[in-house]
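Subject: Structure for you to look at, with notes

Dear colleague,

I am passing on the structure we spoke about, and I would be glad if you could open it beside this message while you read. My notes come after it.

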Amino acid sequence: MLDIYAGKSALKQIEQQGFKADLFDYILGASGGPKWFVLAGLDRYIFAEFFATRQKPIQAIGSSAGAFRMACFAQHDPLAAINRLAQRYSQITYSRKPTAREITEKGRGLLMHVLGENGVEQILNNDIVKAHFVVARSKGLARFEASFLQGLGLAMSAGANFAKRQWLSYFHQRVIFSVAGSQLSVFDPNHMGGISVTLQQNNLADALMASGAIPIIINGVENIAGAPKGVYRDGGIIDYHFDLSFGPSNGLTLYPHFYPNVVPMVGLISP
């Protein structure tokens, strides 16, 4: 069963104009690890059919698994890309006691398989689907790879987020890697701020890898080209399911989701 949730203004537009692709100027992809499999069938339709004839740009924003999905959407053949992601993701195997290094290497292999030979160029030069990957730049103890230090830093982050969401920015900085000329505006009711970095040939794969770098389980990505020096981790640390609004366009946001509710940030991140 497919449930559709809409605010009053959005519902009025849909009732008047129908559920049409041109109503939406933004599409979101949430974090959630393998939960995204729930949406795989819907992604195949949305990416390859619902938006197939779209003529105006749509901003495709994702964190973690959602960023990987948006990277598929922004390729010339999004159906083939999402199928590559689903197939390889479901077939990954690990040793009995995998290390973070092993899981990281498998994750990088998955990434390169999804992008293929020309995926980077296609994402960067897509005139319609404008990709944005949300990443967290870790500060303090969370920047270390040592499990104990990183875990302590993440626990402090979770505590800060629970006490006052804005305090999370003391431990992690929101970084949004965006294709050139996309003109995305982000409105955060918690005023955590963040920076925008332009996606390029030499940083797209690293930015996408960082967006899915689950703390402790996967190694962070250091010093991404074009971005401030530091260690970059899973975008879900800050924006697990998103509590943001976007501009400058007034179009609606399409948010395919596996939950009926939104969780901005959860504890130490659910893989």
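What follows is a walk through the helix packing, the two main pockets and a couple of backbone details.

Please keep in mind throughout that this is a predicted model.

**Helix packing**

Two packed helices are described by the angle between their axes and the distance between the axes, and I have used that description for three pairs, each of which includes helix 4.

I start with helix 4, residues 78-91, and helix 5, residues 100-115, whose axes come within 8 Å and cross at roughly 155 degrees. Because of that angle, helix 4 is roughly antiparallel to helix 5, and the crossing between helix 4 and helix 5 is right-handed. On the helix 4 side the contact involves Ala 81, Arg 84, Leu 85, Arg 88 and Tyr 89, and these meet Gly 109, Leu 110, His 113, Val 114 and Leu 115 of helix 5. Sorted by class, this contact of helix 4 with helix 5 consists of six nonpolar, two polar and two charged residues.

Helix 2 also packs on helix 4, at an angle of about 155 degrees and with the axes 8 Å apart, and helix 2 and helix 4 are therefore roughly antiparallel to each other. Their crossing is right-handed. Helix 2 contributes Asp 43, Arg 44, Phe 47 and Ala 48 to the contact, while helix 4 contributes Pro 78, Leu 79, Ile 82, Asn 83 and Ala 86. The contact of helix 2 with helix 4 has six nonpolar residues, one polar residue and two charged residues.

The third pair is helix 3 and helix 4, which pack at an angle of about 145 degrees with their axes 7 Å apart. Here Phe 68, Arg 69, Cys 72 and Phe 73 of helix 3 meet Pro 78, Ala 81, Ile 82 and Leu 85 of helix 4. In this contact of helix 3 with helix 4 there are seven nonpolar residues and one charged residue, with no polar residue among them.

**Pockets**

The largest pocket has a volume of about 970 Å³. It is lined by 35 residues, of which Asp 3, Tyr 5, Tyr 255, Pro 256 and His 257 are the closest to its centre. Helix 1 (8-17), strand 1 (24-29), helix 2 (40-50), strand 9 (245-247) and strand 10 (252-254) are the elements that each give two or more residues to this lining, and helix 2 provides the largest share, with four residues. By class, the lining of the largest pocket has 27 nonpolar, six polar and two charged residues.

The second largest pocket holds about 420 Å³ of space. Of its 20 lining residues, those closest to the centre are Tyr 89, Leu 110, Gly 212, Ile 214 and Ile 218; Tyr 89 and Leu 110 were also named above, in the contact of helix 4 with helix 5. At least two lining residues come from each of helix 3 (65-73), helix 4 and helix 5, and the largest share, three residues, is that of helix 5. The lining of the second largest pocket divides into 15 nonpolar residues, four polar residues and one charged residue.

**Backbone details**

Two loops deserve a look when you go along the chain. In the loop between strand 9 and strand 10 you will find Pro 248, and the peptide bond that leads from Gly 247 to Pro 248 is cis, with omega near 10 degrees. In the loop between strand 5 (185-187) and strand 6 (195-198) lies His 191, where phi is near 55 degrees, a positive value in a residue other than glycine.

With best wishes

Conventions:
Residues are numbered from 1 along each chain as its sequence is written. This is a predicted model: local features need pLDDT of at least 70, side-chain atom pairs count only at pLDDT 80 or more; totals for chains, interfaces and linings use all residues. Side-chain values use heavy atoms; hydrogens and water are left out. Axes are lines fitted to C-alpha atoms, for helices over the stretch in contact, and angles run from 0 to 180 degrees between N-to-C directions. Angles under 35 degrees count as roughly parallel, over 145 as roughly antiparallel, 65 to 115 as roughly perpendicular and the rest as oblique. A crossing is left-handed if the near helix is turned anticlockwise from the far one by less than a right angle, and right-handed if clockwise. Contact means heavy atoms within 4.5 Å. Ala, Val, Leu, Ile, Met, Phe, Trp, Tyr, Cys and Pro count as nonpolar, Asp, Glu, Lys and Arg as charged, and the others, Gly among them, as polar. On a 1 Å grid over the protein atoms alone, a cavity is a set of points where a 1.4 Å probe fits but cannot get out, and a pocket is an open set with protein on both sides within 12 Å along at least five of seven lines; lining residues have an atom within 4 Å of a point. Grid points are joined across faces, edges and corners, and a volume is the space filled by probe spheres set on the points.
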